[in-house]
Amino acid sequence: MELGLVGLGKMGGNMRERIRRAGHTVIGYDRNPDLADVHSLEELVGKLKGPRVVWVMVPAGAATQSTVDELAELLQPGDIVVDGGNSRWTDDEKHAAELAAKGIGFVDCGVSGGVWGLENGYALMYGGSAEDVAKVQPVFDALKPEGDFGSVHAGKVGAGHFAKMVHNGIEYAMMQAYAEGWELLEAVDSVTDVREVFRSWQEGTVIRSWLLDLAVNALDDDEHLDKLRGYAQDSGEGRWTVEAAIDNAVPLPAITASLFARFASRQEDSPQMKMIAALRNQFGGHAVEKK
């Protein structure tokens, strides 16, 4: 099938390549002309045959809203817009209604995979009507990891981004647990090789995971994380997870504590946040602050 892809940064550029490797045609647009196949959204839409599918991978908020607004004027009834960024699920409902007024479908898709997705595939959580999802299914199949798992039609519009938000909240708590354990091991005199303790956990333990593998990668690069400042940013999805928990009276003590720990990192040079920063850099290519 043909796909228009808007936003060709760290995620979008690799997604374009993975979809092309699966045999589909991708026409990409980015504000950076060195990355783009076309020079405007209008040109992108003009090169696609109907019914068109346009996948948006731009920052949540104003950038996504302006892109959806422009596509609403360019696309035709029967076309589909997919928001694959990190939008809040409540924005999905607004965008779906705006596009539906013009006969244009909408699918929201939470995407996980970071800088490793090109080779390993992307975990996908998408929301929307069965009819709209079916029009995008070949792209979902191209992006997902090999095997039976890694993608899910999570429910109606907003469900994909809500599921991805909860995924990221869990990720916050898991990273925080590894970071706290690492700091405690580093603090005692009796443990002489913390990096190798972490490495030993990669096989046969109940806490083995890809995040643990990435922690070992980070420690191989910088054994005591001396090069990093103990500062970790948050993308906003942890905050949304906690807010949703409050709205639904669901207790999330671990996820909430991990979010607050990131806030604490901005007040002082936190050893735990060195590990959080290192892990975010490992799996997502997120920037780290050097001393």
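In this predicted model, the side chain of Asp83 reaches the backbone nitrogen of Gly85 at 3.0 Å. Asp83 belongs to strand S4, which covers residues 80-83. Although Asp83 is buried, it has no salt bridge; Lys164, the nearest side chain of opposite charge, is 11 Å away. Beyond its neighbours within four places in sequence, Asp83 is in contact with Val56, Thr64, Asp92, Phe106, Val107, Asp108, Cys109 and His161.

The next element to consider is strand S6. Four of the five residues of S6 (residues 123-127) are buried, so the strand is largely enclosed by the rest of the structure. Its pairings with two other strands are set out below.

| Strand paired with S6 | Bridges | Direction | Partner of Met125 |
|---|---|---|---|
| S5 (residues 105-112) | five | antiparallel | Gly110 |
| S7 (residues 151-155) | four | parallel | Val152 |

Met125 thus stands opposite Val152 in S7 and is also the bridge partner of Gly110. Between S6 and S7 the chain passes through helix H6 (residues 130-143), and this β-α-β crossover is right-handed.

A further site is Leu118, located in helix H5 (residues 117-120). Leu118 counts as buried because its relative accessibility is 14%, under the 20% cut-off. Leu118 and Arg18 are separated by 100 residues in sequence, yet their C-alpha atoms are 5.7 Å apart in space. With neighbours within four places in sequence left aside, Leu118 is in contact with Asn14, Glu17, Arg18 and Arg21.

Definitions and conventions
Residues are numbered from 1 along each chain as its sequence is written. This is a predicted model: local features need pLDDT of at least 70, side-chain atom pairs count only at pLDDT 80 or more; totals for chains, interfaces and linings use all residues. Side-chain values use heavy atoms; hydrogens and water are left out. Helices (H or I, at least four residues) and strands (E, at least two) are DSSP runs, numbered from the N terminus. Buried means under 20% relative accessible area, exposed over 50%, partly exposed in between (1.4 Å probe, protein chains only). Lys and Arg count as positive and Asp and Glu as negative; His and the chain ends are not counted. A salt bridge is a side-chain nitrogen of Lys or Arg within 4 Å of a carboxyl oxygen of Asp or Glu. A polar contact is a pair of N or O atoms within 3.5 Å; within protein, one must be able to donate a hydrogen and the other to accept it, and residues adjacent in sequence count only if both atoms are side-chain atoms. Contact means heavy atoms within 4.5 Å. Two strands pair if DSSP finds at least two bridges between them. A crossover is right-handed if, with the strands pointing away from the viewer, the path from the first strand over the helix to the second runs clockwise.
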